[in-house]
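Here are some short comments on the model, written as numbered points. They start with one annotated span and then turn to a pair of chains.

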Amino acid sequence: MDLSFTPEEQAFREEVRAFFAENLPKEMSDAVRAGGELTKDIMDRYHALLNDKGWLATTWPEEFGGPGWSPVQRHIFEEEACRAYAPRIVPFGLAMLGPVLQQFGSKAQQDYYLPRILSGEDWWCQGYSEPGAGSDLASLKTRAVRDGDDYVINGQKTWTTLGQHANKIFCLVRTDPDVKQQKGISFILVDLDTPGIEMRPIKLIEGGHEVNEVFFTDVRVPAENLVGEENQGWTIAKFLLTHERTNIAGVGFSMQSLEEVKALARKVMRNGRPLIEDPLFAARVAQVEIDLEAMKLTNLRMLYKAQKQGAPGPETSILKIKGTVIGQELKDLARRALGPSAAPFPGLLSANLDPAPEDAAHNAARYFNNRKTSIFGGSNEIQRNILTKTMLEL
Amino acid sequence: MDLSFTPEEQAFREEVRAFFAENLPKEMSDAVRAGGELTKDIMDRYHALLNDKGWLATTWPEEFGGPGWSPVQRHIFEEEACRAYAPRIVPFGLAMLGPVLQQFGSKAQQDYYLPRILSGEDWWCQGYSEPGAGSDLASLKTRAVRDGDDYVINGQKTWTTLGQHANKIFCLVRTDPDVKQQKGISFILVDLDTPGIEMRPIKLIEGGHEVNEVFFTDVRVPAENLVGEENQGWTIAKFLLTHERTNIAGVGFSMQSLEEVKALARKVMRNGRPLIEDPLFAARVAQVEIDLEAMKLTNLRMLYKAQKQGAPGPETSILKIKGTVIGQELKDLARRALGPSAAPFPGLLSANLDPAPEDAAHNAARYFNNRKTSIFGGSNEIQRNILTKTMLEL
Amino acid sequence: MDFDLTEDRQMLSDSLTRYLREKYPFEARNKAAYEAPYHSQSHWEALSELGALYALAPEEAGGFGGTGFDISVVFEALGGALCPEPVLGALMASRLLSAAGADQEALLSGVQKYAVATGEIDAWYGLDAIGTQAKASGDGYALSGRKSVVYGGQVADQLLVAAKLDGKVALFQVAADAASVTGYGMMDGGGAAEVVLEDTPGTLLLADAAEALADAANAGIVALCAEAVGAMDVLQAMTVEYLRTRKQFGVAIGKFQVLQHRAVDMLTEIEQARSITIKAAAELGGPEAARYASMAKNLIGRAGRLVAEEAIQMHGGIAMTWEYPGSHYAKRLVMIDAQLGDTDYHLSRVMAA
Amino acid sequence: MDFDLTEDRQMLSDSLTRYLREKYPFEARNKAAYEAPYHSQSHWEALSELGALYALAPEEAGGFGGTGFDISVVFEALGGALCPEPVLGALMASRLLSAAGADQEALLSGVQKYAVATGEIDAWYGLDAIGTQAKASGDGYALSGRKSVVYGGQVADQLLVAAKLDGKVALFQVAADAASVTGYGMMDGGGAAEVVLEDTPGTLLLADAAEALADAANAGIVALCAEAVGAMDVLQAMTVEYLRTRKQFGVAIGKFQVLQHRAVDMLTEIEQARSITIKAAAELGGPEAARYASMAKNLIGRAGRLVAEEAIQMHGGIAMTWEYPGSHYAKRLVMIDAQLGDTDYHLSRVMAA
């Protein structure tokens, strides 16, 4: 039993920290601190910054251009990226499609697509969810019918995150309607320029544009865009779900949030003194700080286990459940700390008139937006169902 | 909309209050305050005290010897009884069997049994639950087979509260094993002196003797002891469940507990000052005080509705759920307030050596004992199932 | 004891509810709520004509109501429709004008809109830390300071401003066009304003306004609690309806016991919220008004957050969208906590009592 | 980073667990736990022989362990069996004797039982309010005051007593038979004592004991947290087993989704409890020991109550009985909160940091 990092790991942490200190433009970290939506330009430039350093595809094997890091190194990298208020790496190409192609793709697909992901030439988005199938992915209805050398796709996808910036989408589609739900599904790559595709924004609860609906009407896609075998899509989807879910506990982001809440509570006044001196608020902060401290260890313990076993176990669902609850609690505190100054719709007031302190004007919007974390990626209810079966065996 | 009581109701409250002030022996209220188990002698004498006054059978019609009170009067009486730290009225004869006999019993049964309940000659206990059937009453297995003028009973009942003091038991028994679960059940009265009955104590988590197991081996009971028709037992059981559940929210007891917690927190010291000045503890108290204040009104609203409609609706399950949660939270605070002095097993130390203040030595025992309230009488989970069907219609 | 509405109040409730449902449906509401000036003049006038404002004041002030139950009937109806009109400012101003013995016909008729400006960036809920100062100036007074998040301030004609005068908190009436008022929209719809006063002329209404401001806050809290109860009832109904109709894994999700029990817990908290709101309304104006208002606002804050978060979670993604009305109910229920003192502020007041 | 036990610790854990399971089964445990003298001399000796006490002290003090992880291994095993033996007193006394540079072979061999007497009726957790006074008397010191709920005090040979000497908190060793010791049993099993000192002779161990007492408390907290984790694991397993076998309405109650999800939430909190206990153990003896001990004790207090209450509720009536072992696990998990500072006390310490 030893919680310390090796000297090599500590040296690695120093290297990462120094990299961010020297290379992350202040304008980027300022934008992250401010808490609004990031521009495509910022995301593109951050992508390029990491790619130039060779630190972009953190989960890829070296043969495909990854840095060859251990899970612990990836963990350290993520912690330091959060600490530096770096943007998040957009995961759809790097963390999702990349590993799928490396595992199931043809040599031609790997050679063509993987470099384009690294270079940023392709921005991928995800076509999984459908209006009628939220957590029940197996009931998806979007059809792909083989017609000569093409598939013809009809249907609708939704919750397509950052699709407005993407030029490509990977989709789960139904290729055989006559077999059991999971069996007739395939995984296919689609160019968003293909005729018959329409992408429409979904405005979210807090007013932001982050997700989209994608409509497919007689969209012809070359059959060579199929990944793996026809009707092998469910296997690929499960691979993605059980594949290492990087940073699923969101510990780094929660540590960021905790620091923000504390700084804010030292700054804002309530009843004539700094809010942090209000015992009820201080108790809320301390309570979630304790839970987060425990979660850091829970996260490391499961990381350690995954590293030993080669793959994470079902107990990572615990990280998802508790990690999102902690994150949401912190966003609640950040909103709560502001009192009435959380209420103005962000962006309407100039900084000198906004009653919220700097970087806090989005706190209410972030609280509402953050409610998504317990819904998507398998809702917390689904995670509990998984744990019931796997850990409790009930 | 008017929350005040009528002048008549206020006068009634004064009358009840004066009665307790003048007639409740200090020794009884002291015993209730101390929080241990009450002796049979105290319960008997309290029963006689109320019977002499004509205030014993609060829910019975006047024709059977009840005081003819409205639901509001009963509510006032219960509040004042709690305020005076009067013992609880043992409900099995008065609140349960009495109304059943009045609704379903023969004239002969009414004439014989009801006066004996009032006089205290009969102490009834309840034979409902069985080891294999907790909340699932319909699956009960105790058999009663007709044999000439008798029923012969075999089986086992459990959770028989205060059965050690009783001379009679009313039971749900299976009289027809071949029909659907609920249909073959009957309601029968049994003298505990009948050969073949054995009552064994169940020691509870905190060490108390409050409930019992009752074993029936070839117990012959006259057929005239059947209440209502054969196989009508489920109707009677449901009548009892949906019949006015007196004081199901336990508001009066919770008000008692709240006062005790506050008094205790003013008395005990923590970190060099009275515990009530600790903001975290004070916040816990204030929080449950607010919930209790709301519950008082919720209780009155449902009482009012029941009075208007003639019977309580399914929403009384809300009173059961929230009322028990509030009561349990208060018992938790009473234990918590003591710190380590809650830990000694009560009764082992003389008062001058007991580290707990007077009347607080049982606080931990009461906390543990009180966990039963969310389990018995239809567990809170069963109540939620009921509300799902009746109020949400899901 | 009587938990039924009087006939008059029932009629008012029905007429407001019907108007809002038929004439101010959700698309219209969202347009008014999120686009400048963050309210609708025509609906404001219609609500005034239906008596929504007169109901807030007693007869001696020219109204026909003014008790806690009158207030809660109006605001429960407004809450059910998420109405963004600045009625809260009218209520609180009416209480203050009554205390000052000032005429309020222009307010009650809806001709003039009032907003109450007490909060400041360093003094949201209490009055002690108020920094705005008043000084005598000619025949009247001049006020300097900044009032923040003045609800309804973006369309107010008149501002009732709390300011320190000779060390006491006094109350002044300020014409909105005499001050520097910057209006904006709110996260949950409706509008507010930042009000900057620089030697701005004001008329003294009350030299010692502490008691009147406390009464106005208590009335405002009853209103907000009733509004929240109205909104919770609707969001609960939407959630249960969704559970009934939405299918996953081949069955209506309302068949999943976990969601059933959580919906029951929502229902339970809503009933508790309704109860404590009735109690606070009954005590309004009496010696225990502040205590029960604090109890109510605390419970509403907790229940509102629970109902909002559980409704979103049980709906799933759909309730995360702007298009779905439920998301706006959820926002209102969460944000209402920050108005007139949040859960912790009011819990502290109950603790101190 | 390494989350596996060393081979030595794994062997100790295995041998303790096996001994307790085979030789100290539940009926024997209950007899020892609830009947005077509220422990079993023969099992105490056996545990000593297995090294349970030597593991608590470092080599320089004559033991073979003494780190946070040594402590947690021992107490997790004790917790899994609800062992009522007074090992906590031995641990804390060992830390204190180490700080004083005193010999502790009698303690580590189990020949002499030690109890640590710090708590008083008006000073449970902190040291500031301690009322017991010491004064010089002949060659030694005389102590006067009352120590309450001294865990293990009912069978202790030696008491380590915190008392004020010249305004500072000092530490004294007092022979138990020189004091007035009244032993009794506890709600959750095991024993304690009230200790009354009236000019009772004591040997000064530390004139300024604040730091040593804080270290002993931190070690004690690691022990209690590990004990709770051991007990929670067992109670969780019992609950899941019950859900699997108990039938109602014709199905195993573990098929009810509500109970499934609540059992998952128990599991989650237990994993969190395990994590924070590991962290507190790792930090023991270091500069952040108190902070992480407080975090651990707070989380354990909450998790223990949740697991206890949910286990009882999901079992139903059976877990309300003395006969069912689960009820005793639940009692221990709730009562452990009152030892060495409860959830609120430790939350306050985290807040203040």
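Notes on chains C and D

1. In this predicted model, residues 6-84 of chain C are 61% helix and 0% strand, and the C-alpha atoms at the two ends of the span are 27 Å apart. The span carries a label from a record: the unreviewed UniProt entry lists residues 6-84 of chain C as "domain: Acyl-CoA dehydrogenase/oxidase N-terminal".

2. A turn of 180 degrees, with a shift of 0.0 Å along the axis, lays chain C on chain D with an RMSD of 0.0 Å. The two copies are therefore related as by a two-fold rotation axis. Which residue of chain C comes closest to the rotation axis? That residue is C:Val258, whose C-alpha is at 2.3 Å.

3. Four residues of chain C are in contact with four residues of chain D. Of the interface residues of chain C, 100% are also interface residues in chain D, so the copies meet through the same surface.

4. About 410 Å² is buried between chain C and chain D, and carbon and sulfur atoms give 60% of that area. Sorted by class, the side of chain C that touches chain D has two nonpolar residues, two polar residues and no charged residues.

5. How many salt bridges are there between chain C and chain D? The count is zero. Polar contacts are found, however: three residue pairs across the interface of chain C and chain D meet the rule, with both residues at pLDDT 80 or more.

Technical notes
Residues numbered from 1 in each chain as written. Chains lettered and ligands numbered in written order. Predicted model: local features only at pLDDT ≥ 70, side-chain atom pairs only at ≥ 80, totals over all residues. Heavy atoms only, no water. Least-squares fit on C-alpha atoms with pLDDT ≥ 70 in both. Contact = heavy atoms within 4.5 Å. UniProt positions renumbered as here; feature names shortened; annotations may be inferred. Helix = DSSP H or I, 4+ residues; strand = E, 2+ residues; numbered from the N terminus. Buried area = accessible area lost by both parts, 1.4 Å probe. Salt bridge = Lys/Arg side-chain N within 4 Å of Asp/Glu carboxyl O. Polar contact = N/O pair within 3.5 Å; in protein donor to acceptor, adjacent residues only side chain to side chain. Nonpolar A, V, L, I, M, F, W, Y, C, P; charged D, E, K, R; others polar.
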